[in-house]
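Trainee: I'd like to learn how to read a fold by eye. Can you walk me through one?

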Amino acid sequence: MPSPSPHATVLHVGRRTVLGLLIAAVIPLLLGVAGVGGLVTGRVTTEILIMVGVGVLGVMMLMVAWRQRHQKIAADHTGLWVHNGRAAQVIHWESVAGIGVYYTAQAVSLEVVPRGLADDRDPVLRALIRDDEPLAPELPRVRYRISLPQVGWRTLAEAVRRHSEPHPSLLWCGQINYNPVMAAPARRRSHRT
């Protein structure tokens, strides 16, 4: 499979995920080690068993981080390149109807609306398909949602805007501060009319 151009803007999502999960896993791992130490010395109490359980949670966080370490997203003149750590796929700009960035205090995502049906047979793209409120009235609901880290997403968003501009049939929806708490009542009101 071809790869992004050497001048592509690349966001290494996996590295940032690994760092965040490693930091989050430190305390559960330390509690787990203390719990295992308590079991080795023969003290079996509820607290020791809980500490071991929390340690298992820390190990699971490390396993998730390890699997996601190679995830990256790149934007160039061809399109948006998504690498999930095992396989890669490109979403060509010609196949995109609209694109925008949703951001909240907790999460940031790149919302890519395909022209036509979303590819539910591709192993990389299938995991990204979401059905949600349209980015714009003229766009369909179904799209690809690509989660981005809280740090560095603006650089990628600017590269996506810059590289998609030459395609006049692609609607750049910009950055949308999405508030799901406020969106739910609006969605209910729109269904009543």
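Mentor: Let's go through the core, the hairpins and the charged pairs. Keep in mind that this is a predicted model.

Trainee: Okay, the core. Which residues have the most contacts inside the largest nonpolar core?

Mentor: The general idea: in soluble globular proteins, nonpolar side chains tend to cluster together, buried. Here the largest such core has 27 residues, and Leu80, Leu110, Val112, Ile146 and Leu148 have the most contacts inside it. Two or more residues come from each of strands 2, 3, 5, 6 and 8, plus helix 3 and helix 4. Helix 4 (153-164) gives the most, with five residues.

Trainee: What does Ile146 touch beyond its neighbours within four places in sequence?

Mentor: Its contacts there are Ile73, Leu80, Val82, Val108, Ser109, Leu110, Val112 and Leu128. There's also another core lying apart, with six residues, including Ala97, Val113, Ala136 and Leu139.

Trainee: Now strand 3. Is it mostly covered or mostly open?

Mentor: Think about the general picture: in a regular strand, side chains alternate between the two faces of the sheet. In this case strand 3 is mostly covered, with four of its five residues buried.

Trainee: And which strands pair with strand 3?

Mentor: Strand 2 pairs with strand 3 in the antiparallel sense, over four bridges; one of the bridge pairs is Ala75 with Leu80. Three residues sit between these two strands in a hairpin. Strand 4 (residues 88-92) is also antiparallel to strand 3, over five bridges, and Gly79 has His92 as its bridge partner. That hairpin has four residues between its strands, and Gly85 in the turn shows a positive phi of about 105°.

Trainee: Last topic: charges. How many salt bridges does the structure hold?

Mentor: As a general idea, side chains of opposite charge can pair when their charged atoms come close. This structure holds eight salt bridges. Take Arg143 and Glu111, whose closest N and O atoms are 2.5 Å apart. Arg143 lies in strand 8 and Glu111 in strand 6, so this pair ties together parts 32 residues apart in sequence. Both Arg143 and Glu111 are buried, and they belong to a salt-bridge network with Asp132 and Arg145.

Trainee: What about Arg141: which residues does it pair with?

Mentor: Arg141 meets Asp131 at 2.8 Å, N to O, and Glu133 at 3.5 Å. Arg141 counts as partly exposed because its relative accessibility is 34%, whereas Asp131, at 51%, is exposed.

Methods: Residues numbered from 1 in each chain as written. Predicted model: local features only at pLDDT ≥ 70, side-chain atom pairs only at ≥ 80, totals over all residues. Heavy atoms only, no water. Core = buried A, V, L, I, M, F, W, Y, C linked by side-chain atoms within 4.5 Å. Buried < 20%, exposed > 50% of the residue type's maximum accessible area, 1.4 Å probe, protein only. Contact = heavy atoms within 4.5 Å. Pairing = 2+ DSSP bridges. Salt bridge = Lys/Arg side-chain N within 4 Å of Asp/Glu carboxyl O.
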